[in-house]
Amino acid sequence: MSVLVFTESEEGKFKKTAYEVVSYARGIADMMNTTVTALTINADETSSLGTYGADKVVHLKNDKLAKFTANAYASALTQAAQKEGSKVIVLSSSANAKYLAPILAVDLNAGYASNVVALPESESPFTVKRTAFTNKAFNHTEIKTDVKIIGLSKNSFGLKEAQKEASEESFEPSLDDVHFNIDVQSVDKVKDKVTIADAEIVVSGGRGLKGPENWGMIEEMADILGAATACSKPVSDMGWRPHSEHVGQTGKPVASNLYIAIGISGAIQHLAGINASKTKVVINTDPEAPFFKAADYGIIGDAFEVVPKLNEKLKEFKASNS
Amino acid sequence: MKILVCISHVPDTTSKINFTDNDTKFDTNGVQFVINPNDEFGLTRAMWFKEKQGATVDIINVGGPETEPTLRKALAIGADSAIRINTEALDGFQVAKELSAVAKEGNYDLIIAGRESIDYNGGMVPGMLANLIGASFVNTCISLEVEGETATAIREIDGGKETVTAKLPLVIGGQKGLVEESDLRIPNMRGIMMARKKPLDVKEPQGADTETKAVSFEKPAPKGEVKLVSPDNLDELIDLLHNEAKVI
């Protein structure tokens with residue numbers, strides 16, 4: 001009956017979202033009066049999962065799983081869920097989790113709700129709140145199946161400490177060649193750069209910056225704040241910045257703590273994509289820019305004057321607060 | 001090569017989102033419907049396979065007659081024929097199940113879907129469909145080549161990309177990158193005329209079960225007023241971010 005949670009790691013280390021999904025699973029387990037079991041794959045240490053409420057860690061070490069393969073990971077989760085008799089499985093919203101979730105759902109005959117933002121509203125019927133229409137609305141969805149899969153939206157629940165002593169158990173699911181039907185040839189990951197998916201802070205530039213040669217000050221601000229860089233759709237369409245930085249309805253969603261929009265007017269599609277961010281700052285010359293209606297803090301001013309000055313101030317702030 | 005492109009019929013990205021019937025239904029009043037953008041990138045990539053590699057391209061949608069203009073538009077862009085499974089799309093599993101019956105029967109080499117629709121953002125149909133028919137599956141696909149029985153795809157991952165190979169049949173969850181925005185095609189008059197004569201086959205559904213139910217909707221709470229900070233007083237902004245919002 002234990003709530004099963006998949007705690008993702010990278011090069012052996014847990015991501016922050018792993019602690020968030022455990023915190024969330026703890027919340028569900030308390031509602032349902034049951035325990036939390038975390039499945040880890042090739043993680044170095046697992047004791048930190050107890051801090052956020054895991055009662056048990058099922059630990060899988062297998063070199064064949066060093067590279068992510070959705071079918072093999074889904075199969076490991078299926079077997080763990082069956083072993084634990086889990087009725088609820090909690091996943092993050094990482095690219096890998098979203099890849100394996102529908103495969104897992106079919107394997108377990110489980111209903112799957114993605115982009116869930118809060119604990120279930122009721123247990124019977126089992127109803128969850130999720131975002132829909134790319135953050136322009138919320139949708140209350142009932143999962144009707146016996147086994148349920150929840151994809152938790154990033155940064156929606158936060159970390160909650162629960163201080164459990166997690167027991168540990170090794171786990172060796174049976175994996176066949178059929179689970180490795182996708183051959184990973186190469187992985188090309190930016191090193192030493194914060195990704196939009198993991199970022200607490202995102203600094204984003206728009207057409208107001210006039211050209212790709214002016215991105216130095218955006219990157220500088222991102223460096224100072226330990227932030228990821230992002231951009232609006234026209235900027236990526238014009239090739240000023242790579243598509244991987246495009247945030248908005250047809251690009252990536254952003255759910256950071258702080259989103260700083262520089263020279264972005266705030267088209268409805270852009271605002272939808274970044275709406276899940278907690279605090280939004282806009283810097284724009286045009287006081288009529290729609291972004292001012294969506295932002296928490298705004299500066300009406302020329303980015304070319306404001307941003308370099310702000311960067312200096314942020315450097316001073318960081319120097320005196322670190 | 002036989003390609004099937006799954007087309008969702010969704011509100012245009014500029015649509016204002018409202019609900020009716022006590023917040024249980026999406027209000028279609030005054031809303032323009034389009035091909036789901038993630039699907040349109042895939043459809044355009046399918047046109048490339050048609051023109052360069054002689055592929056045939058069928059399109060499919062699960063939905064009522066109101067989705068036919070969207071299918072006709074995809075035909076006008078260049079797809080060869082359309083299939084509409086005549087039932088309301090209720091949840092991701094039901095749609096995947098309905099699609100799987102046609103996908104199996106049609107023996108497609110490649111099935112292209114969008115990574116998610118921009119209305120319900122479920123992000124589950126392509127993966128479920130692949131699993132139901134036992135095909136390979138690549139999600140968040142941003143590049144796709146096919147040679148013989150093998151596909152080479154690039155998948156977007158958090159903070160980078162990954163190149164993979166897979167045997168056909170293959171299902172992808174596609175997105176921008178499969179083609180560029182500037183490659184998207186606006187149907188011309190000839191395309192529109194030809195689309196009227198192309199087959200649009202209406203199939204009755206299998207009656208697949210649903211696993212989830214969209215019970216109701218709500219709009220986000222209205223946002224408070226923006227706090228304006230003078231560009232000459234940037235210390236105030238830093239103070240607000242540090243002490244009020246507590247984000248730096």
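These are my notebook entries on a predicted model with chains A and B.

**Entry 1: the contact between the chains.** I began with the question of how many residues each chain brings to the contact. I found that 73 residues come from chain A, while 61 residues come from chain B. On the side of chain A that touches chain B, I noted that helix α4, which covers residues 95–107, gives the most, with nine residues. I then sorted the residues on this side of chain A by kind, and they divide into 33 nonpolar, 24 polar and 16 charged.

**Entry 2: strands that pair across the chains.** I next looked up strand β9 of chain A (residues 137–143), and I saw that six bridges join it to strand β14 of chain B (residues 212–218), the two strands running antiparallel. To place one residue, I followed A:H140 and found that B:S216, in β14 of chain B, stands opposite.

**Entry 3: an annotated span in chain B.** I checked UniProt, where an unreviewed entry lists residues 23–212 of chain B as "domain: Electron transfer flavoprotein alpha/beta-subunit N-terminal". In the model I found this span to be 32% helix and 32% strand, and its end C-alpha atoms lie 17 Å apart.

**Entry 4: one residue in chain A.** Is A:I41 buried or exposed? I located A:I41 in strand β4 of chain A, residues 36–41. A:I41 is buried because 21 other C-beta atoms lie within 10 Å, and the cut-off for buried is 20 or more. Leaving out residues up to four places away in sequence, I noted that A:I41 touches A:L60, A:L65, A:Y73 and A:A76. I also compared A:I41 with A:T7, which is 34 residues away in sequence but 8.0 Å away in space, C-alpha to C-alpha.

Terms used. Residues are numbered from 1 along each chain as its sequence is written. Chains are lettered from A and ligands numbered from 1 in the order in which they are written. This is a predicted model: local features need pLDDT of at least 70, side-chain atom pairs count only at pLDDT 80 or more; totals for chains, interfaces and linings use all residues. Two residues are in contact if their C-beta atoms, placed from the backbone, lie within 7 Å. Helices (H or I, at least four residues) and strands (E, at least two) are DSSP runs, numbered from the N terminus. Ala, Val, Leu, Ile, Met, Phe, Trp, Tyr, Cys and Pro count as nonpolar, Asp, Glu, Lys and Arg as charged, and the others, Gly among them, as polar. Two strands pair if DSSP finds at least two bridges between them. UniProt positions are given in the numbering used here, feature names are shortened, and annotations may be inferred rather than shown by experiment. A residue is buried if 20 or more other C-beta atoms lie within 10 Å of its own, exposed if 12 or fewer, and partly exposed in between; C-beta atoms are placed from the backbone.
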